[in-house]
Amino acid sequence: MSKPLEVGDLVMVVRGKKCCGVGTHIGKIFKIARFISGPAARCWSCGKPQKAVIKAVPPDIHRSGYSLYRLKLIPPLSELERTKEEEGVLA
Ligand SMILES: [Zn+2]
C-alpha cells in the first residue's frame with residue numbers, strides 16, 4: 001500500500017521532525033486540503049537549516065503543513081471493511 005498521498009486523503013501524523021525528532025502533533029488526524037512547497041527555512045526547534053520540501057496542509061492551517069514522511073495514510077472505511085471480511089474468511 002504505497003499510493004502517493006492526494007488531496008482529500010485522511011492522514012495521521014506518526015513521526016517527529018527528521019532533523020531533531022521533535023514529535024509535535026503526533027496523533028493529529030486531518031484530511032489533506034492541499035499541498036504546498038514548504039520554503040527552505042530553519043527548524044523552529046533546533047535552528048538547523050531545512051531544505052524546501054512538499055508539505056501536506058490541513059484545512060485549518062494556511063501557511064504551514066507536515067512533511068510527507070511524517071504522515072501515514074488512514075485507509076478509507078470501505079477498505080477497512082474489506083480487510084475485515086478477508087480476515088473473517090481466514091479465521
Ligand atoms: Zn530540528
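How many bridges join β3 to strand β6, and do the two run parallel or antiparallel? Select residues 54–57 for β6 and 34–37 for β3: four bridges join these antiparallel strands. Strands here are DSSP runs of E, at least two residues long, numbered from the N terminus, and two strands pair if DSSP finds at least two bridges between them.

A word on what's on screen: this is a predicted model, where local features need pLDDT of at least 70, side-chain atom pairs count only at pLDDT 80 or more, and totals for chains, interfaces and linings use all residues. Numbering starts from 1 along each chain as its sequence is written.

Click Ile36 next; its bridge partner in β6 is Lys55. Now add β7 and you have an open sheet of three strands, ordered β3-β6-β7 with antiparallel pairing. Both β3 and β7 (66–67) are edge strands, each pairing on one side only.

Hop over to β1, residues 10–13. Val11 and Val13 point to one face and are buried (20 or more other C-beta atoms within 10 Å of their own, with C-beta atoms placed from the backbone). Leu10 and Met12 point to the other face and are not buried. Stay on Met12: its bridge partner in β2 is Ile29, and in β8 it is Lys72.

Last stop, the largest nonpolar core: Val11, Val13, Phe30, Ile32, Ala56, Tyr66 and Leu71. Such a core is a set of buried Ala, Val, Leu, Ile, Met, Phe, Trp, Tyr and Cys residues joined through C-beta atoms within 7 Å.

Methods: Buried ≥ 20, exposed ≤ 12 C-beta atoms within 10 Å, placed from the backbone.
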